[in-house]
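Dear colleague,

I am writing to hand over the structure shown below. My findings follow directly after it, and I would be grateful if you read them with the structure open.

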Amino acid sequence: MRLKKGFILRDVCGEQVICAEELGSVNFGKMLVANETTAALWRYAVKQGDFTVESLVAALCEEYDADKAVALKDVTALLEKWRNYDMIED
């Protein structure tokens with residue numbers, strides 16, 4: 001899967017926010033405030049280009065020394081949220 005073009009991680013007033021890049025396509029009801037882990041996963045997905053659940057779990061576990069089962073649950077839930085916000089494509 002890939003992140004859809006037009007979405008970007010930005011710093012907005014000290015908060016990390018994933019939003020549409022062009023003002024014309026911003027849906028303020030679908031902006032996503034990103035905590036540290038979500039922002040890190042977004043950066044991993046950008047860096048990887050084509051990514052999988054497993055590749056993001058591996059990156060998360062390597063960076064944060066996270067438990068693989070917990071990371072898998074968290075990444076799966078986050079990707080479902082991104083899918084619901086139409087931020088990723090298969």
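I begin with Arg83, which is partly exposed, with a relative accessible area of 33%. Please bear in mind throughout that this is a predicted model.

The side chain of Arg83 meets that of Asp90 in a salt bridge, with 3.1 Å from N to O. Asp90 itself is exposed, its relative accessible area being 77%.

This pair belongs to a short list, for a search of the whole structure finds 3 salt bridges. Another joins the side chains of Arg2 and Asp50, at 2.9 Å from N to O. Arg2 lies in strand 1 and Asp50 in the loop between helix 1 and helix 2, so this salt bridge ties together parts that are 48 residues apart in sequence. Of these two partners, Arg2 counts as partly exposed because its relative accessibility is 38%, whereas Asp50, at 54%, counts as exposed.

The remaining salt bridge is formed by Asp86 and Lys4, whose closest N and O atoms are 2.7 Å apart. It links distant parts of the chain: Asp86 sits in the loop between helix 3 and strand 5, and Lys4 in the loop between strand 1 and strand 2 (residues 7-12), 82 residues apart. Asp86 is partly exposed, with a relative accessible area of 41%. Lys4 is also partly exposed, with a value of 22%; the cut-off below which a residue counts as buried is 20%.

Asp86 also brings us to helix 3, which it follows; the phi of Asp86 is positive, near 60 degrees. Helix 3 covers residues 68-84, which makes 17 residues. From its first C-alpha to its last, helix 3 reaches 24 Å, close to the 24 Å expected at 1.5 Å a residue. At the start of this helix, a side-chain oxygen of Asp67 comes to within 3.2 Å of the backbone nitrogen of Ala69.

Which residues of helix 3 are buried? They are Ala71, Val75, Leu78, Leu79 and Trp82. Seen down the axis of helix 3, these buried residues fall within an arc of 100 degrees, so they line one face of the helix. On the other side of helix 3, Ala69, Lys73 and Asn84 are exposed. As for the surroundings, the buried residues of helix 3 pack against several elements, among them helix 1 (36-48), helix 2 (53-64) and strand 3 (15-20). Strand 1 (2-3), strand 4 (32-34) and strand 5 (88-89) are packed against as well.

Helix 1 can be described in a similar way. It has 13 residues and spans 18 Å from its first C-alpha to its last, close to the 18 Å expected at 1.5 Å a residue. Its N-terminal end is capped by Asn35, a side-chain oxygen of which lies 3.1 Å from the backbone nitrogen of Thr37. After helix 1 comes Gly49, whose phi is positive, near 75 degrees.

The buried residues in helix 1 are Thr38, Ala39, Ala40, Leu41, Trp42, Tyr44 and Ala45. What covers these residues includes strand 1, strand 2, strand 3 and strand 4, together with helix 2 and helix 3. Helix 1 and helix 3 therefore appear in each other's surroundings: the buried residues of helix 3 pack against helix 1, and helix 3 is part of what covers the buried residues of helix 1.

With kind regards

Technical notes. Residues are numbered from 1 along each chain as its sequence is written. This is a predicted model: local features need pLDDT of at least 70, side-chain atom pairs count only at pLDDT 80 or more; totals for chains, interfaces and linings use all residues. Side-chain values use heavy atoms; hydrogens and water are left out. Helices (H or I, at least four residues) and strands (E, at least two) are DSSP runs, numbered from the N terminus. The expected span of a helix is 1.5 Å times one less than its number of residues. Buried means under 20% relative accessible area, exposed over 50%, partly exposed in between (1.4 Å probe, protein chains only). The arc is that of the directions from the helix axis to the C-beta atoms. Contact means heavy atoms within 4.5 Å. A polar contact is a pair of N or O atoms within 3.5 Å; within protein, one must be able to donate a hydrogen and the other to accept it, and residues adjacent in sequence count only if both atoms are side-chain atoms. A salt bridge is a side-chain nitrogen of Lys or Arg within 4 Å of a carboxyl oxygen of Asp or Glu.
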